[in-house]
Amino acid sequence: SVTCAVSCTVKTLYDQSGNGNDLLQATILARPAYTISCVSSKPCMTFDGNNSQTLSATGFTQAQPLSVSFVAERTSNFTLQQIVFDSISGANVQTGFRNSANTAFAYAGLVLQATANDSALHAVQSVFNGASSEIVIDGSATSGDVSTQGISSTVFMGSSAGAGSFVFGFISEVGVWPVAFTGTQSTNMCHNQFVYWGTSVSC
């Protein structure tokens with residue numbers, strides 16, 4: 001709308017699975033901005049890395065295997081860890097950008113990381129399956145062990161437990177699946193994401 005072309009924020013992200021795991025942010029200043037034309041004239045959530053911007057949902061539990069898929073770009077503070085998705089309640093699952101330049105990661109007790117150039121849009125599939133885990137960045141897979149922690153209690157988007165490691169950039173899409181993606185599924189997801197967002201990449 002004309003109004004949102006000037007200033008709008010994201011209060012609620014609605015769970016598309018029907019399970020009611022909507023992510024919320026009641027505090028206006030802690031909401032990410034709604035950018036109406038972000039990637040190929042499509043909208044995204046813009047996080048400024050400074051205003052504790054995050055959304056969260058409670059009562060979300062999922063043991064491994066699981067997969068977290070996201071489309072995002074880190075645009076500043078390249079030496080700062082920036083969490084796209086986090087869950088924490090004694091143990092946690094995290095994925096996002098590492099505290100080193102040009103790196104994305106998955107974590108569930110151990111870190112698995114791979115190259116993801118900063119200031120560029122990426123389709124990331126973080127597959128959490130113990131010692132058979134992998135992080136797939138724009139179709140390129142890196143395999144390893146992330147350990148066995150799962151999602152429990154509360155999940156956060158845009159930060160680590162709502163209190164740090166805030167994203168400085170934008171997030172276009174995030175999803176969680178109660179399965180470990182196969183190689184074909186990761187490739188197909190990457191392809192679908194880049195076709196939708198109108199960005200050319202070989203997945």
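1. Start with the inward side of helix α1. Its buried residues are S186, M189, C190, Q193, F194 and W197. They sit on the same side of α1, because the arc they cover around the axis is only 120 degrees. If that spacing in the sequence looks odd, remember that an α-helix has 3.6 residues a turn, so residues three or four places apart point the same way. Keep in mind that this is a predicted model.

2. Now flip the helix over. On the face of α1 turned away from the buried side you'll find T184 and V195, both exposed.

3. What lies over the buried residues of α1? The cover includes β3 (33-39), β4 (42-48) and β6 (66-74), along with β11 (122-128), β12 (133-137) and β15 (168-177).

4. Two of those covering strands, β4 and β6, also pair with β15. β4 runs antiparallel to β15, and four bridges join them; D48 stands opposite F168 in β15. β6 is likewise antiparallel to β15, with eight bridges in the pairing, and here S69 stands opposite G175 in β15.

5. A quick check on the helix itself: α1 takes in 15 residues, 183-197, and at 1.5 Å a residue these should span 21 Å. The C-alpha atoms at its ends are 21 Å apart, so the expected span and the model agree.

6. Last, look just past the end of the helix. G198 follows α1, and its phi is positive, near 75 degrees.

Key
Residues numbered from 1 in each chain as written. Predicted model: local features only at pLDDT ≥ 70, side-chain atom pairs only at ≥ 80, totals over all residues. Heavy atoms only, no water. Helix = DSSP H or I, 4+ residues; strand = E, 2+ residues; numbered from the N terminus. Expected span 1.5 Å × (residues − 1). Buried < 20%, exposed > 50% of the residue type's maximum accessible area, 1.4 Å probe, protein only. Arc of directions from axis to C-beta. Contact = heavy atoms within 4.5 Å. Pairing = 2+ DSSP bridges.
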